[in-house]
Amino acid sequence: MVVRYDDLSVGGHVGSKWWPWVHLSLFLPLSELKKDDEEYEEEHSGLAKRPASLPAPSGGGLDSSHPYYDVARHGILKVIGDDNYGRKLIVFSSCCMPPSHQLNHQRLLEYLKYTLDQYVEMDYTVVYFHYGLRSSNKPSIRWLRSAYAEFGRKYKKNLKALYVVHPTNFIRIVWNIFHPFISHKFGRKLTYVNYLAELREHVPYQQLVIPPDVLRHDERLRAAQKSGPAPPLKTPPPRPPLPTQQFGVSLKYSTAGDCSPQRVSGLMFDPHFFCPGLRTEGLFRRSVRVQIIKDIQKLYNLGKPVSFQQHGDVHVPAVILKTFLRELPEPLLTFAPYQQVLDITGVESSLRVSRCKQIVESLPEHNREVLKYLVTFLHMVSVESIVNKMSPSNLACVLGVNLLWPPKGSVSLSALAPINVFTEILIEHCDAVFRESVPDR
């Protein structure tokens with residue numbers, strides 16, 4: 001069961017089912033609360049009397065020249081593309097935090113701000129894996145209070161959802177201690193998630209990079225709930241697609257084998273949907289109501305006409321476009337050139353456009369034609385960047401991870417820069433990249 005913040009309060013006061021914990025928090029020393037939290041984890045994890053099993057530090061190909069390499073190499077923070085509603089998805093894993101004497105928590109705070117600064121101008125979601133936070137690696141309450149103060153309005157405004165996975169008594173008590181200092185509006189964004197399976201309806205579960213310790217902890221919790229071995233988490237078998245299916249099917253299926261401009265324009269990105277709103281500030285950065293997206297997806301999949309005019313919001317077709325790209329079984333750029341794209345930052349600047357052209361020309365015809373149509377449209381958007389603030393660089397930051405991702409897992413933080421550089425080149429130099437080469441005579 002997913003527990004929302006609203007379930008914890010009644011008429012602005014903490015609900016009766018949680019009052020005993022809040023009552024205790026007023027009298028128990030903080031050290032006792034921490035002890036209670038650790039005993040809970042030990043009881044449910046079998047880790048009593050031995051240190052937590054921390055994953056080996058891994059930079060995921062991170063360059064040692066990264067300004068926060070000392071923190072980033074632990075893999076505590078990951079950006080893995082978008083959630084199910086088109087919002088950037090950021091994952092924080094407590095079990096990846098090393099002991100406090102090996103990690104400067106002030107540097108961690110600076111690294112969090114450094115990473116979030118790249119995304120706070122657009123809507124974003126945070127998934128927080130609480131399991132693995134113990135006395136050996138837990139920041140102080142003073143640090144938490146300082147961190148909350150550091151993250152001002154610009155960080156909180158566009159945070160649309162905060163999922164706390166495997167919450168313990170301690171985290172609920174800490175939340176209630178901070179309750180008087182936290183706005184009700186921000187509090188509504190918090191959702192407690194007791195089991196990993198509950199995340200599926202909110203985030204692209206298969207793309208999540210979930211630490212092994214968190215997976216094992218979830219299995220133990222489910223086994224304890226059922227008083228027996230926990231069944232493995234299984235993804236339901238896919239249903240056969242509808243004849244008119246557009247979302248979640250291959251590009252060749254959705255275009256019915258026809259990659260002509262007329263057919264391609266019938267996908268999610270007919271410029272006529274956007275023309276009235278090309279000058280809208282933050283185009284492609286905002287999310288829309290979830291039910292609207294689901295309703296439009298259903299119409300597309302049933303082969304019924306879709307009228308974006310009735311919504312009167314250019315952000316609706318923008319989110320639909322990102323959702324279409326994100327739900328492709330294979331990215332629009334395919335899996336094949338993933339490493340070549342990551343290597344683009346090692347190519348001399350004057351040669352990058354020609355290198356991008358080579359990569360694009362290696363794509364299957366369907367992918368190449370759809371990409372050309374899409375990038376030409378994005379170039380039109382960037383031409384209005386003085387008004388809409390969506391330069392080729394900003395568009396690349398929003399859409400890059402929807403065009404390319406690895407065959408397994410999600411895009412690492414270290415891969416974001418080259419993917420964004422590649423996408424920016426496509427948008428800014430689309431004429432040169434997609435210009436057909438004249439054969440030698």
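A residue is termed buried when its relative accessible area is under 20%, exposed when it is over 50%, and partly exposed in between, with a 1.4 Å probe and protein chains only. The model is predicted, so local features need pLDDT of at least 70 and side-chain atom pairs count only at pLDDT 80 or more, whereas totals for chains, interfaces and linings use all residues. Residues are numbered from 1 along each chain as its sequence is written, and side-chain values use heavy atoms, with hydrogens and water left out.

The protein chain holds 21 helices and 8 strands; these are DSSP runs numbered from the N terminus, helices being H or I with at least four residues and strands being E with at least two. Of the 441 residues in the chain, 51% are buried. A contact is defined by heavy atoms within 4.5 Å. Among contacts between residues at least 6 apart in sequence, 78% join residues at least 24 apart.

Lys78 provides a starting point in strand E4, residues 77-82. This lysine is partly exposed, its relative accessible area being 26%. Apart from neighbours within four places in sequence, Lys78 is in contact with Leu89, Ile90, Val91, Val209 and Leu413. Between Lys78 and Ser412 the C-alpha separation is 6.4 Å, although the two are 334 residues apart in sequence.

Helix H4 comprises residues 105-116, and its end C-alpha atoms are 16 Å apart, in agreement with the 16 Å that 12 residues should span at 1.5 Å a residue. The expected span is 1.5 Å times one less than the number of residues in the helix. The buried residues of H4 are His105, Leu108, Leu109, Tyr111, Leu112, Thr115 and Leu116. They cover an arc of only 160° around the axis, which puts them on the same side of H4; the arc is that of the directions from the helix axis to the C-beta atoms.

Further along the chain, His166 occupies the loop between strand E7 (159-165) and helix H7 (169-178). Its phi is positive, about 60°, although the residue is not a glycine. His166 is also buried, with a relative accessible area of 4%.

The description now turns to a pair of packed helices. Two packed helices are described by the angle between their axes and the distance between the axes. For H13 (residues 290-301) and H14 (residues 315-326), the angle is about 65° and the axes are 11 Å apart. Axes here are lines fitted to C-alpha atoms, for helices over the stretch in contact, and angles run from 0 to 180 degrees between N-to-C directions. On the H13 side, Ile292, Ile293, Ile296, Gln297 and Tyr300 meet Val316, Val319, Ile320 and Thr323 of H14. By class, this contact has 7 nonpolar, 2 polar and no charged residues, where Ala, Val, Leu, Ile, Met, Phe, Trp, Tyr, Cys and Pro count as nonpolar, Asp, Glu, Lys and Arg as charged, and the others, Gly among them, as polar.

H14 has 12 residues and reaches 16 Å from its first C-alpha to its last, close to the expected 16 Å. Since 12 of the 12 residues of H14 are buried, the helix is largely enclosed by the rest of the structure. Among these buried residues are Lys322 and Arg326.

After H14, Thr334 lies in the loop that leads to helix H15 (338-342). Thr334 has a positive phi near 65° in a residue other than glycine, and it counts as buried at 7% relative accessibility.

Lys357 belongs to helix H16, residues 352-361. With a relative accessible area of 15%, Lys357 is buried. Its C-alpha atom is separated by 9.7 Å from that of Glu436, 79 residues away along the chain.

Helix H17 (residues 365-383) has 19 residues and reaches 27 Å between its first and last C-alpha atoms, close to the 27 Å expected. Its buried residues include His366, Val370, Leu374, Phe377 and Val381. Seen down the axis of H17, the buried residues fall within an arc of 160°, so they line one face of the helix.
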